[in-house]
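Please open the structure in your viewer and keep the selection tool at hand. The tour below goes from one selection to the next and says what is there at each stop.

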Amino acid sequence: MPPTTNHRTRVHVLLLSNIFPTSVSPNGGTFITARIRALRNEGVRTTSVAIRPTHVGSARLLRTVLRRDSTSHPLGDFTDLPVPVGLRDLLSLRTFPSNQILESAADALEALTKDGDFDLVHAHGMYSIPAGAIAQRFARRRNLPFVITAHGSDINRRMPKASSAYSRILTSADKTIFVSSALRKRAIQLGADSTNSIVINNGVNLDVFSINDTPRERHLKQPLILFVGNLIVVKGADRLPPIFRAIRADIPNASFAVVGDGPLRSRLETEMADLPVEFAGAVPQAEVARHLASADLLVMPSRSEGYPCTILESYACGTPVIATSVGGVPEAIHNTNYLVNDSGSLPAQFASLARDVLHSPSPYEDLQSYARARSWTAIARQELSVYQDLVE
């Protein structure tokens, strides 16, 4: 689709992000890079800066001893903004960084972008060194409007630890965007103002996660059940062994694949050694799409979600999804009958729904339409409308 650059105001955005691809995790932050690409296709000029905590001195030594220090640098179009973190800062970062850290980061951003002529600042993320907090300080210095987008665990997991500080910053933004209504509701419960906030969901890259013109054949005799995501507790990766076993008990010929990596991988490989499970590791998006297209069902047992792109990506590949009803999942899922209550009977619920899904007519065409209506182009146009209203 050609860029729509011939209407209203052309905008130059300074985009600050806590989430980005790195040399250690090259597939990270795809929902940020996809946004940037779509915005550029709509004629938006973007300068992207990665906010990167950099442990120094004793803090770096401590993290090295604990085997948590992995020096990684942003990839792609992101300019690196390292923010030094000393030993005394580590504790504060678990709640909210000191003014000294934030002012220092804003100073560094000033120096980094001294020749930039920006119309507004857009911050993605409110994590350990919140991009939104740095955007607030920078925007005040430059007399610019600023926007914050909250993505999920920054609100669900971090904001409760420092609700007053988070609320002040979110409320001070000219516009705060939440990727789901559930996330917006949670932020308001914790003290954020409701009047400056809107919901703009995540999208799907239809150039990568594409649907063939002809529906593929389903493998009903030997169905393949897939999990895609980081192998961490918040994504429910630790729940996979009982879920896979429950599905296998109901569907004896089922096999499984796990796409993603993380600290739980070795534990999962041990616990599921008796099951037919392929561990693909972290792979590029094109490879994720191949796995999704070859699967008969995606399971998502997350404990918390903002608005999961993986659901839309699965639909774009023609694959139905069963997921826990948490966060923004009910807003992303096509069929709410395929939601699982986050309870003790979770493995049995997944198994029962898996049987129902696999024995129902393929929802291929419905999933296709659902995914196409939620492209990154559509999302970028909503964000561009916000930009133009603030600039004009």
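Buried, in this tour, means under 20% relative accessible area, exposed means over 50%, and partly exposed lies in between, with a 1.4 Å probe and protein chains only. Helices (H or I, at least four residues) and strands (E, at least two) are DSSP runs, numbered from the N terminus. This is a predicted model, in which local features need pLDDT of at least 70 and side-chain atom pairs count only at pLDDT 80 or more, while totals for chains, interfaces and linings use all residues. Residues are numbered from 1 along each chain as its sequence is written, and side-chain values use heavy atoms, with hydrogens and water left out.

Select helix 9, residues 240-250. Its buried residues are Leu-240, Pro-241, Ile-243, Phe-244, Ala-246 and Ile-247, and they pack against strand 8 (224-228), strand 9 (255-259), helix 10 (265-271), strand 10 (277-281), strand 11 (297-300) and helix 14.

Add helix 14, residues 346-358, whose axis comes within 8 Å of the axis of helix 9 and crosses it at roughly 45 degrees; axes are lines fitted to C-alpha atoms, for helices over the stretch in contact, and angles run from 0 to 180 degrees between N-to-C directions. Helix 9 is therefore oblique to helix 14, since angles under 35 degrees count as roughly parallel, over 145 as roughly antiparallel, 65 to 115 as roughly perpendicular and the rest as oblique. Among the residues that make the contact (heavy atoms within 4.5 Å) are Ile-243 and Ile-247 of helix 9 and Phe-350 and Ala-351 of helix 14.

Stay with Ile-247, which, not counting residues up to four places away in sequence, touches Ile-225, Ala-254, Phe-256, Val-299, Phe-350, Ala-351 and Ala-354. A nonpolar core is a set of buried Ala, Val, Leu, Ile, Met, Phe, Trp, Tyr and Cys residues joined through side-chain atoms within 4.5 Å. Of the 104 residues in the largest such core, Leu-16, Phe-244 and Ile-247 touch the most other members, and helix 14 gives the most to this core, with seven residues. A second, separate core of 25 residues includes Leu-15, Leu-120, Tyr-127 and Ala-380.

Next, select Thr-149 in strand 5, residues 146-150. Is Thr-149 buried or exposed? Thr-149 is buried, with a relative accessible area of 0%, and, leaving aside neighbours within four places in sequence, Thr-149 is in contact with His-122, Ala-123, His-124, Gly-125, Asp-154, Ile-177 and Val-179.
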